[in-house]
2 protein chains.
Amino acid sequence: MSKIFVLGHKNPDTDSICSAISYAYLKNEIGMDVEPIRLGELNNETLYALEQFNFEHPRLVTRVSAEASQVILVDHNERQQSAEDINEVQVIEVIDHHRIANFETVDPLYFRAEPVGCTATILLKLFKENGVAVPANIAGLMLSAIISDSLLFKSPTCTQQDIHAARELAELAGVDAAEYGLAMLKAGADLSNKTLEDLMSLDSKEFEAGAHHFEVAQVNAIGVDDVISRQKELEVLMEQVITKKGLSLFLFVVTDILNNDSVGIVLGEQAGIVESAFKSSVVDNRVLLPGVVSRKKQIVPVITEALS
Amino acid sequence: MSKIFVLGHKNPDTDSICSAISYAYLKNEIGMDVEPIRLGELNNETLYALEQFNFEHPRLVTRVSAEASQVILVDHNERQQSAEDINEVQVIEVIDHHRIANFETVDPLYFRAEPVGCTATILLKLFKENGVAVPANIAGLMLSAIISDSLLFKSPTCTQQDIHAARELAELAGVDAAEYGLAMLKAGADLSNKTLEDLMSLDSKEFEAGAHHFEVAQVNAIGVDDVISRQKELEVLMEQVITKKGLSLFLFVVTDILNNDSVGIVLGEQAGIVESAFKSSVVDNRVLLPGVVSRKKQIVPVITEALS
């Protein structure tokens, strides 16, 4: 059997990277030959988690079909979020916690999506179902993924299952979830070494709704002012992306991880829908999104509905 | 919470009906208010299984949105195989063992597809994961589903997991799987009370491949001659369906459950692809398909590939 890649989405976040490594570990334990890879640069938060638990960086692979004929997707299923050449390989498994869209196979496969806050929460079940113990360092990565996706259990996407899984994983990893989690989130919210181009691609995802194509980027920060002070320069880059990808709308969201509010910068011919969709005024291309921290639960469905 | 329906595909087979009833039982046991329904007439095989294990017929519902706002799909995910008004309700769960296609949601959901031979094999895992015991009569239904989908373990879709699940379920149900299974398959292969229209819709599914829309009907029989002797009349009905649905191809498959071979009748503007796709001559619109018993594994991928 040739090599099988496990990969998270483009512009990988901590769940995409940590779940790819963790699931590859599980697969290798049960006898498959699997390598976790990444489709893009690691963010500061993920770098922190990998360093804390002594993991090497997964290899950056841009064309998966050059080396593998089969892949396992974690933390995503929509093709436009996956490898550029995803249509040239066979997807044999998907482990995900997002909506399902733009995904189609010729053959039956193992597809496990659950409406929980993090892929790693599902992975913990799979370790148990397969009778494989979670080593301390893998538990640390999976805990990092849950803390990241749930913003330390404060996001509305966070479920009781995520909290229970995190508790169990923290014990296995031998760390205090709250203390470790805040340190990790702060490392991720440190944007001081980031260029504007970095901010744009750090965690940006494309979506389709009806005939429209839109993109939502999100960065975590401690206070939103640093990023917002660079709004005009950001808008130039956003317009370039809109033109290049033919987007109807681009929303750039800055989330303050300390008070759990967000501010969005919105551009594109459909930008006008944001006011009624979020019931919040757009002033100078900027919209306040109080209490909004989850792209998946509080942003994408709202825009999808408004554009459809 | 309003009522939630659990439903299998149109032209329901034994897995679609038995898995809907069994999963509804599990859901009700864990506190949801769920009703199994059916989208079409019950076939003789399913009637036999329901009678053997003392179940009433699930209610026939044609417009699900008239009564429910949420549904759970079992044994299918492609929208054209589901309720006509499936787009008007929210799909909150899918338990399936088919390829994934033409399925999209706005929100995350529980989607559990596994490449096994039968939905009921996955359901047995879900009973265990939820800590719910399988009562004898439900075990009988789930066993019936596995025997039906695997043609008594002879189909290439049948996996070791299906065989183990069936063994466990037969014990719980207190029946001999081989003896009960053959009696059930024979009841299903008794086509004596069926009109040609019945045969056409007994177990027929639509698929999409590229720009093409095709349909594959399958009937089980003891010997294929009875059905083939009515080929000319069948073709008239098939042409009507092709025109009505705009199909590129309609393949009507008769499977002999005793020797596990099939014969297909093929019509439609793309009928010509069948010869090279199956490497078998089409004579008088008829093609021999030796060893072919599984629409899912041996027919649909082959046609999809040829049409794409």
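Let's start at one small spot: in strand β10(A), the residue that bridges to Asp256(A) is Asp261(A). Keep in mind as you look around that this is a predicted model.

**The hairpin in chain A**

That bridge belongs to a pair of strands, β9(A) and strand β10 (residues 261-267) of chain A, which pair in the antiparallel sense over 7 bridges. Together β9(A) and β10(A) make a hairpin, with 4 residues between them. Look at Asn260(A) in the turn: its phi is positive, at about 60 degrees.

β9(A) has another partner too. Strand β8 (residues 212-221) of chain A pairs with β9(A) in the parallel sense, over 8 bridges. If you want a landmark for that pairing, find Phe214(A), whose bridge partner in β9(A) is Leu249(A). Here's the general background: strands of a sheet pair through backbone hydrogen bonds, either parallel or antiparallel.

How many of the residues of strand β9 (residues 249-256) of chain A are buried? The count is 8 of its 8 residues. Both faces of β9(A) are covered. On one side you'll find Leu249(A), Leu251(A), Val253(A) and Thr255(A), and on the other Phe250(A), Phe252(A), Val254(A) and Asp256(A), all of them buried.

**A sheet that runs through both chains**

Now move to the open sheet of 12 strands, which takes in strands of chain A and chain B. Its order is β3(A)-β2(A)-β1(A)-β4(A)-β5(A)-β6(A)-β6(B)-β5(B)-β4(B)-β1(B)-β2(B)-β3(B), and the pairing is mixed. Which strands stand at the edges? They are β3 (59-60) of chain A and β3 (59-60) of chain B; each has a single partner strand, so one side of each is left without a neighbour in the sheet.

Helix α1 (residues 14-29) of chain A packs on this sheet, where it touches β1 (4-7), β2 (34-38), β4 (70-74) and β5 (90-96) of chain A. The direction of α1 makes about 175 degrees with that of β2(A). Over in chain B, helix α3 (residues 119-129) lies across β4, β5 and β6 (110-113) of its own chain, together with β6 (110-113) of chain A. This α3 helix runs at about 125 degrees to β6(B).

Let's zoom in on β5(A), a mostly covered strand in which 6 of the 7 residues are buried. The table lists some parallel pairings in the sheet, each with one bridge you can look up.

| Parallel pair | Bridges | One bridge to find |
|---|---|---|
| β4(A) and β5(A) | 5 bridges | Ile72(A) with Glu93(A) |
| β5(A) and β6(A) | 4 bridges | Val94(A) with Phe111(A) |
| β4(B) and β5(B) | 5 bridges | Gln70(B) with Gln90(B) |

**How the two chains are related**

Chain B superposes on chain A after a rotation of 180 degrees with 0.0 Å of shift along the axis, and the RMSD is 0.0 Å. That is the relation of a two-fold axis. The same surface serves both copies, with 100% of the contact residues of chain B recurring in chain A. Want to find the axis by eye? Look for Arg112(B), which comes closest to it among the residues of chain B, at 2.4 Å (C-alpha).

**A cluster of annotated residues**

An unreviewed UniProt entry gives the annotation "binding site" to His9(A), Asp13(A) and Asp75(A). They are spread over 67 residues of sequence, yet they cluster in space, with a largest C-alpha distance of 9.4 Å.

Take Asp13(A), which sits in the loop between β1 and α1 of chain A. Is Asp13(A) buried or exposed? Its relative accessibility is 9%, so it counts as buried, the cut-off being under 20%. The side chain of Asp13(A) makes a polar contact of 3.4 Å with that of His9(A). Farther along the sequence, beyond four places, Asp13(A) is in contact with Asn43(A), Thr46(A), Asp75(A) and Asp149(A).

Asp75(A) is in the loop between β4 and β5 of chain A. With 1% relative accessibility, Asp75(A) counts as buried as well. Leaving out residues up to four places away in sequence, Asp75(A) touches a list of residues that includes His9(A), Asp13(A), His97(A), His98(A) and Asp149(A). There's also a polar contact of 3.0 Å between the side chains of Asp75(A) and Ser16(A).

Definitions and conventions: Residues are numbered from 1 along each chain as its sequence is written. Chains are lettered from A and ligands numbered from 1 in the order in which they are written. This is a predicted model: local features need pLDDT of at least 70, side-chain atom pairs count only at pLDDT 80 or more; totals for chains, interfaces and linings use all residues. Side-chain values use heavy atoms; hydrogens and water are left out. Two strands pair if DSSP finds at least two bridges between them. Helices (H or I, at least four residues) and strands (E, at least two) are DSSP runs, numbered from the N terminus. Contact means heavy atoms within 4.5 Å. Axes are lines fitted to C-alpha atoms, for helices over the stretch in contact, and angles run from 0 to 180 degrees between N-to-C directions. UniProt positions are given in the numbering used here, feature names are shortened, and annotations may be inferred rather than shown by experiment. Buried means under 20% relative accessible area, exposed over 50%, partly exposed in between (1.4 Å probe, protein chains only). A polar contact is a pair of N or O atoms within 3.5 Å; within protein, one must be able to donate a hydrogen and the other to accept it, and residues adjacent in sequence count only if both atoms are side-chain atoms. Copies are superposed by least squares on the C-alpha atoms of residues with pLDDT of at least 70 in both.
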